Every structure is written in C-alpha cells, then in structure tokens.
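Visitor: I am new to this structure and would like a close look at a single part of it. Could you choose one element, take me through it slowly, and then show me what else can be said around it?

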Amino acid sequence: MLVQLNQYHQNTKHSYLSVRTNPNRIDWNNPPNRFKNYSESFQRIHLDSQNLNYNFLYLVSGITAKKTYPGIEYYLRVNPSAGALYPNEIYFQVRNVDGFEDGIYHLEVSTSSAVKLQEIEKDEGIENILCFDFYVEGFIFFISSLYFRSSWKYKNRAFRYCLLDAGHLIGSIEASAYLFDKEFEVIYDFSKENLNSFFSFDEKEFFNSICLVGKKKQGKKNSFNLNVPTIDGSSYEEEKISFFVKNELIEQAYKDSLKVKDKSIENKKSNFYFQKEKFQDTIFKRRSIREFTKQAISKLEFESILNILNEPITSDCDEQVDIFYTINRVEGLPLGLYRNGKLVKNGDFIQKAGYLCLEQDLGKDSAVTFFLTSKSQNYQEAYQKAGIIGHRLYLASNYLQISCSGIGAYYDDEVCELLEEQTMVLYALAIGN
C-alpha cells in the first residue's frame with residue numbers, strides 16, 4: 001500500500017518545470033455545484049434560533065460571507081477550503097439531543113439547515129453498522145468528499161485537498177465542541193465502503209472520517225436501512241446536467257488508502273484556554289489572508305500559537321506529523337529552519353520559503369512559514385491530521401489578530417531538500433501581519 005500511495009503522491013507533485021509545462025485548463029463557464037441538497041420532501045430544521053445545539057452546528061460549517069465577482073459568487077464558510085470549492089459534506093446521527101428527533105441528518109450549508117434523512121427508533125443506531133461496541137448520546141458526524149468539486153480545478157492533486165479540507169472540518173467540529181463544552185474524538189478506522197453503501201453513494205462521493213461529539217455508553221444498538229436517493233452533489237439537479245469527470249487516479253488512491261495499518265491511539269484530551277466569547281467571534285470572522293505587510297510578531301505570540309498546535313488530538317489513529325517552519329520575522333527568535341520547536345538549521349530562508357511556495361509572496365512576507373510533513377503509511381489519516389493542525393493555526397493566530405493563509409501548492413521535492421528529509425509534504429501555511 002505504501003508503494004502505491006507514494007506513487008500517487010509522486011504523480012501529484014509540483015515542480016518548477018511542471019507548473020510551467022502542465023498548467024490546468026479550467027472551464028470557468030461550468031463550475032461544479034458547491035452545495036449538496038436533498039429534495040424539499042425532507043424535513044428541515046433551520047439553525048437560526050437560540051437553541052445552543054443549533055448554534056453549535058452552525059459554527060461547524062456555516063456561511064459567514066459572500067463575495068461577488070463578474071459572473072461568479074463565492075460563499076465563504078467557517079472552515080477554509082482550497083479555491084473556496086468546499087469538496088466535503090457533513091452528515092450526522094443524533095441521539096438524545098435537545099432540538100432534534102433521534103435520526104440521521106445532512107448538514108445543508110446552503111440553507112443553514114439540518115435535513116432529517118430518516119428518524120431512528122430508540123433501539124436503532126448506526127453504531128452497529130460501524131461495528132462499535134458502544135453507542136453515543138449526542139452527535140456522530142460523518143465527513144465525506146465529492147472529489148470532482150476539487151478535481152475540476154486541481155486535477156489529480158485534488159485528493160490531497162479533499163483530505164486537508166476534511167481535516168479543516170474536523171478542526172471546525174473540535175473548535176465548536178470546545179466552545180459548547182462537548183466531548184470530542186476522531187475515528188478513522190471503520191468500514192468506509194460499508195458507510196458509503198449505507199448512504200447510497202456512488203463513485204462520486206466517499207467517506208473519510210467520523211467525529212464523536214457526545215457521551216459514549218455501553219450497549220448495542222440494532223442495525224437499520226437508510227432509504228435515501230443517490231445524489232450527485234457536484235452537479236446542478238435543477239438543470240439535470242452533470243459536469244462530473246471521472247478521475248481514476250483519485251478513486252484508486254482512495255481505495256488504496258482505506259485500510260488503517262499499525263495505528264497509534266491517542267486518548268489524551270486537548271486543553272484550550274481561549275476566552276470563549278472572543279473565540280466564537282474568531283471562529284465566525286476567520287479569513288485567509290492574501291498578503292502580508294512584513295511586520296514581525298512577538299516570541300510570546302508565536303509560542304502561544306505553537307502550544308495550541310501541539311495539543312493532543314483525541315483519535316483512534318494518531319499519525320506522526322512533523323511541524324517544520326522557517327522563522328522569518330519573530331522578535332526574539334533567530335532566523336532559521338525549525339522542526340517541532342527546535343532549531344535545526346541557522347540562516348535566512350525568507351526568500352527560499354517564498355520560492356518553495358510556488359514563488360508566492362505569502363511564503364516570504366510572512367512572520368513564519370510552516371511545512372507539515374509525514375512519513376506515515378496511513379495516507380488519509382496523516383493528511384486529515386495536517387488539516388486539523390492547519391485549522392488550529394488559523395484560529396490560534398486569528399485569536400491574537402495575526403493573519404494566516406493555507407498554501408496547498410509548493411515545490412514538493414525542493415521542500416524536502418530544504419528540510420533534508422525524504423518525506424511527504426502535506427501542507428504549507430504562513431502567518432504574519
């Protein structure tokens with residue numbers, strides 16, 4: 001499996017030559033639909049009241065802004081996404097939650113609603129289908145990817161972005177769970193193919209991960225059938241036109257990465273100490289910066305951010321993700337390349353960091369430029385963890401009024417040369433003012 005996934009990673013690397021000789025040709029007249037909607041026959045709960053559980057859900061993936069350009073409208077959400085394409089969807093089961101009948105729901109972002117797909121009886125639960133030896137009082141979230149929303153623009157590399165964006169959604173759930181004092185845990189090791197079939201997905205959509213937000217109770221629940229239609233969530237149903245283009249490389253990479261190997265369980269809980277009213281405002285106002293002003297941040301600010309990144313992520317498969325970064329403008333810290341908090345190479349790498357980020361000014365004008373890497377055999381899990389870390393970086397930085405930008409495109413092999421590591425580069429990010 002590792003060889004196959006390395007082959008996928010190898011085939012989706014950027015280089016100085018590849019970005020110039022193999023540019024994407026994008027049909028801007030036929031963009032994919034960024035919203036999946038079930039028919040009006042399904043009951044909807046609008047998340048617009050004072051019910052705390054509705055507020056909790058809205059802060060997982062709610063719309064926070066609208067941007068309009070000639071012929072194009074973008075709706076920005078609580079969670080960031082590469083190219084604002086939002087290739088992920090959220091479904092959930094609820095049990096004994098105020099404001100909901102027990103059942104299976106879809107989080108419909110376009111209308112800020114929870115769509116009840118099917119009610120469940122007291123003795124029923126999706127836990128049996130997932131082979132859990134417990135049931136959950138609260139929420140079980142299921143995060144899926146509709147890869148064409150991303151591959152329409154990013155081609156073969158889109159699987160990376162689907163996984164990173166799934167990680168950002170997990171990070172959004174983690175942040176909202178903290179805000180509303182709810183338990184939080186990530187589950188990666190489950191039968192994704194069974195869950196895909198249970199939700200009547202075809203090859204256009206597949207599940208990546210599960211988040212438990214509630215109390216785990218001893219006991220079994222009975223299986224049941226979910227009767228929902230198969231919907232192409234990247235096309236426009238009212239026009240009855242599908243723009244979907246199959247990508248065999250992405251579909252094969254997904255299949256090759258289904259099995260979890262040699263997993264390490266993380267039982268520790270994270271400890272965050274944000275002032276909650278300010279933190280909620282930060283979640284709602286989070287944005288990706290487009291340029292920095294080359295101002296420095298303080299050592300105390302940076303160390304506070306780094307502490308948040310290093311808090312444990314409770315999960316059943318905690319992959320090693322190394323946090324490399326170049327210090328560009330941090331008062332009290334020497335210039336250089338760092339790994340997991342330790343200086344590994346002295347020197348001024350400001351221009352180099354910008355070059356590695358596909359020659360974007362974001363990489364060189366920042367206070368700090370990050371490169372998240374892993375040698376994990378568990379491809380989906382490592383990428384999603386990088387997305388979670390990236391989401392923490394956004395929120396911890398913005399909380400301190402420091403800007404942040406995720407950078408999914410970089411010269412993969414040349415980053416490895418700087419790091420002096422043969423590793424997978426999962427994500428680049430930059431923070432600064």
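Guide: Two strands are said to pair if DSSP finds at least two bridges between them, and that definition is needed for the part chosen here, strand β6, in what is a predicted model.

Strand β6 covers residues 113-119, and six of its seven residues are buried, so the strand is largely enclosed by the rest of the structure. One of its partners is strand β1, residues 44-46, which runs antiparallel to β6 and is joined to it by three bridges; within this pairing, Ile 45 has Ala 114 of β6 as its bridge partner. Another partner is strand β5, residues 103-108, which pairs with β6 in the antiparallel sense over six bridges, and here Tyr 105 is matched with Lys 116 of β6. β5 and β6 form a hairpin with four residues between the strands, and in that hairpin Ser 112 takes a positive phi near 50°.

A positive phi turns up elsewhere too, so to speak, in loops that can be set beside the hairpin. Asn 340, which is not a glycine, has a positive phi of about 50°, and its place is in the loop between β13 (336-339) and β14 (342-346), where it is partly exposed, with a relative accessible area of 39%. Lys 294, also a residue other than glycine, has a positive phi near 65°; it sits in the loop between α9 and β10 (297-298) and is partly exposed at a relative accessible area of 48%.

From that loop one can turn to helix α9 itself, residues 276-285, which contains Lys 278, a residue that counts as partly exposed at 38% relative accessibility. Lys 278 and Tyr 399 are 121 residues apart along the chain, yet their C-alpha atoms are separated by 7.4 Å, and a polar atom of the Lys 278 side chain lies 3.2 Å from the backbone oxygen of Tyr 399.

Helix α13, residues 379-399, holds Gln 384, which is buried, with a relative accessible area of 0%. Leaving aside neighbours within four places in sequence, Gln 384 is in contact with Leu 163, Ala 166, Gly 167, Ile 170, Tyr 188, Asn 208 and Ser 209. Helix α10, residues 299-309, packs with α13 at an angle of about 145°, the axes being 9 Å apart, and the crossing of these helices is right-handed. On the side of α10 the contact is made by Ile 305, Ile 308 and Leu 309, and on the side of α13 by Ile 389, Arg 392, Leu 393, Ala 396 and Ser 397.

Finally, the cysteines deserve a word, for a search of the whole structure finds zero disulfides. The closest cysteine sulfur to that of Cys 131 belongs to Cys 317 and is 17 Å away, which is too far for a bond, given that a disulfide requires sulfur atoms within 2.5 Å. Cys 162 is likewise in no disulfide, with the nearest cysteine sulfur, that of Cys 211, 17 Å away. In their surroundings these cysteines can be described separately: Cys 131 is exposed, with a relative accessible area of 68%, whereas Cys 162 is buried, with a relative accessible area of 0%.

How values were computed:
Residues are numbered from 1 along each chain as its sequence is written. This is a predicted model: local features need pLDDT of at least 70, side-chain atom pairs count only at pLDDT 80 or more; totals for chains, interfaces and linings use all residues. Side-chain values use heavy atoms; hydrogens and water are left out. Buried means under 20% relative accessible area, exposed over 50%, partly exposed in between (1.4 Å probe, protein chains only). Helices (H or I, at least four residues) and strands (E, at least two) are DSSP runs, numbered from the N terminus. Contact means heavy atoms within 4.5 Å. A polar contact is a pair of N or O atoms within 3.5 Å; within protein, one must be able to donate a hydrogen and the other to accept it, and residues adjacent in sequence count only if both atoms are side-chain atoms. Axes are lines fitted to C-alpha atoms, for helices over the stretch in contact, and angles run from 0 to 180 degrees between N-to-C directions. A crossing is left-handed if the near helix is turned anticlockwise from the far one by less than a right angle, and right-handed if clockwise.
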